[in-house]
Amino acid sequence: MMLQQRIAGLRNEHFQRAHVGLIISPIMSKRMIREIEIYWNHARYQPGDTIALYAREPADDLEPLYTLVPNAPSGIKRTGLQASFVPTADLAFEQQCLRYHVAWLRNGTVRLANCMRTQPRWMAERRDILGSLPMSRVFLPGTHDSASYAIHRRADSENLLEKYVITQDIDVLAQLIHGARYLDIRVGHYPNSNIVWWANHGLFKATPMQDIVHQVKSFLDHTDEIVIFDVQEFPTGFGKNLGVHHDFVAYLEEQFAGYYLPKSYGWSSTLNTIWSSGKRLIIGYDEKRVVSLYESVWPCVTHQWGNVRNIEDLFRYLNRIETESIGHSRSTPRSAMAELTPNILDVVLNRLGSIREMAEKVNINVTNWYNSKWQRTANIVAVDFVRSSGIIETAIEWNERRNSRC
C-alpha cells in the first residue's frame, strides 16, 4: 500500500483539522539564507507526539533531518537548516514537492504528512468548486509589491537600500508557480532611459516591466489559471498628464494582446465565464479616468491598508475589515494588505527592522489568523515574502472547505 493511502487510513478525528507545513524564512544574513521553518496547528496534539523534517517522502524507517516535540497546539520552529536553492527554470508547471517533507508522528508512526509544494494549477484543479464564483468570493493568495524581488543564491547581508525596497525573494513567475494569483504592480516611467517602463517600489526601480510581462505570459501559456495583474501606483514619470497613461495602456495592450479579458465582462463574472472566454488575465488599473476610456483595463482591486506598525494593530485592522465584510456583498475584489507600514522615522531609526524582519514577525500570524478566524470571509490576502507564510496552503484549503459545505 502506498504511503499516502496508509496515512489516509490512519487518520481519525484527532487529525481531521490538523496541519503541519514548511515555510522559508525571509531572514538573510552572512551565515544563513532560506532557513526552513516548521509550523503546525493541531488542537488535539498529545504528549509524545513529534514532528520531523525529511529530505524525501517520509517512511517509518527513514532518519529525519530534524525533529521537534510540539509543546503547544500551534507554533513555528526554526530548524537551523538551509533549503537548497531552486532556480525558477527548474520549477515545473505541474505540482511538485521541492525536496523537503514534514510529518507528524504519533507512537513512531506517520499520521500526517506534507511537503514544500508548488501549486501552479490549483484554481483549474478546483474548477468544479470555484467555477460558479466571482473573484470577490474566492480566497486568493497574493504578493505585495510583486515585482520588487531579489534572488540570492548564497547567504549575504542586505545593503541599506534593499532592506526597505525588496519585498519578495523569488521572481513573479515563481510566485505564480508557488500559487499566488494576485500581483500588485507599481509602475515607473523613464522616457530618457534605454528601458522606458519599470516596475518600481516607490521611487526605486525594481525590475524592467518587460521582464514581468514575459514571466506572466509564460505562466499563462503553460497553465489554465486566472491571474489579476493589478497596476496600483505610478510613483514616478506619470505626473498629472494622462498622456503617459495612454502610452502605458498601449504598451500593456500590445504586450498582452490575446491574453487580457475585456473590462465588459466585469468583476461579477464567474470563473467559469472567464475560463470560457479563453482570456485569463485581468488588468486592474488605478486611474479611473483611464479605465473609463479602455476595454483592456479594469477598475483596480480595492487595497485595504491598515498603515500600522505593530502586530496588535494589524490584527485589529484586519479583524475590522473582515468583520465588516460579513453580509456585505461586493463585486470588486478587495485585498487585505497584510504588512506593517513603517514611517520615515521608523526607517531612519531602524525601529521595525528590515522588510524581511517585519515579514518574519507578521506572516505566521497572518497565516494563523486567516486559518482560524477569517477563513470564511477572506478575499485577496497579499503578503511580503510569500514563501515565509502559509497563506497559499490556507487559501487552497479554505476555498475547498467553504465552498463544498464541509
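The following dialogue discusses the domains, sheets and largest cavity of a predicted model.

Trainee: Into which domains is the protein chain divided?

Mentor: The model is predicted, and the division should be read with that in mind. The assignment gives domain 1 (1–118) and domain 2 (124–402). Their C-alpha centres lie 28 Å apart.

Trainee: How many residues of domain 1 are in contact with domain 2?

Mentor: On the side of domain 1 there are 31 residues in contact, and they meet 35 residues of domain 2.

Trainee: Let us turn to the sheets. What is the order of the open sheet of three strands?

Mentor: A sheet is read across its strands, and a strand may have a partner on one side or on both. Here the order is 1-2-5, and the pairing is antiparallel. Strand 1 (19–24) and strand 5 (74–82) each have a single partner strand and stand at the edges, so one side of each has no neighbour in the sheet. Neighbouring strands are turned by 20° against each other on average, direction ignored.

Trainee: Over how many bridges do strand 2 and strand 5 pair?

Mentor: These two strands pair over six bridges in the antiparallel sense. As an example of a residue pair, glutamate 35 has glutamine 82 of strand 5 as its bridge partner.

Trainee: Which helix lies across this sheet's strands 1, 2 and 5?

Mentor: Helix 12 lies across strand 1, strand 2 and strand 5, and runs at about 30° to strand 2.

Trainee: What is the order of the open sheet of four strands?

Mentor: That sheet has the order 4-3-6-7, again with antiparallel pairing. Strand 4 (66–68) and strand 7 (109–117) are at its edges with a single partner strand each, so one side of each is left without a neighbour in the sheet. From one strand to the next, the twist averages 20°. Strand 3 (residues 50–54) pairs with strand 4 over three antiparallel bridges, and leucine 53 has tyrosine 66 of strand 4 as its bridge partner.

Trainee: How many cavities of 30 Å³ or more are there?

Mentor: A cavity is a space where the probe fits but cannot get out. The count at this cut-off is one cavity, and the largest cavity has a volume of about 70 Å³.

Trainee: Which residues line the largest cavity?

Mentor: The lining includes His19, Tyr39, Asn41, Asn368 and Glu393. Strand 2 (35–41), helix 12 (355–372) and helix 13 (391–403) are the elements that give two or more residues to this lining. By class, the lining has one nonpolar, seven polar and two charged residues. Domain 1 and domain 2 each supply at least three of the lining residues.

Technical notes:
Residues numbered from 1 in each chain as written. Predicted model: local features only at pLDDT ≥ 70, side-chain atom pairs only at ≥ 80, totals over all residues. Heavy atoms only, no water. 1 Å grid on protein atoms, 1.4 Å probe; cavity = no way out; pocket = protein on both sides within 12 Å on 5 of 7 lines; lining within 4 Å. Points joined across faces, edges and corners; volume = space filled by probe spheres on them. Nonpolar A, V, L, I, M, F, W, Y, C, P; charged D, E, K, R; others polar. Domains from an automatic or database assignment. Pairing = 2+ DSSP bridges. Axes fitted to C-alpha atoms, helices over the stretch in contact; angles between N-to-C directions. Contact = heavy atoms within 4.5 Å.
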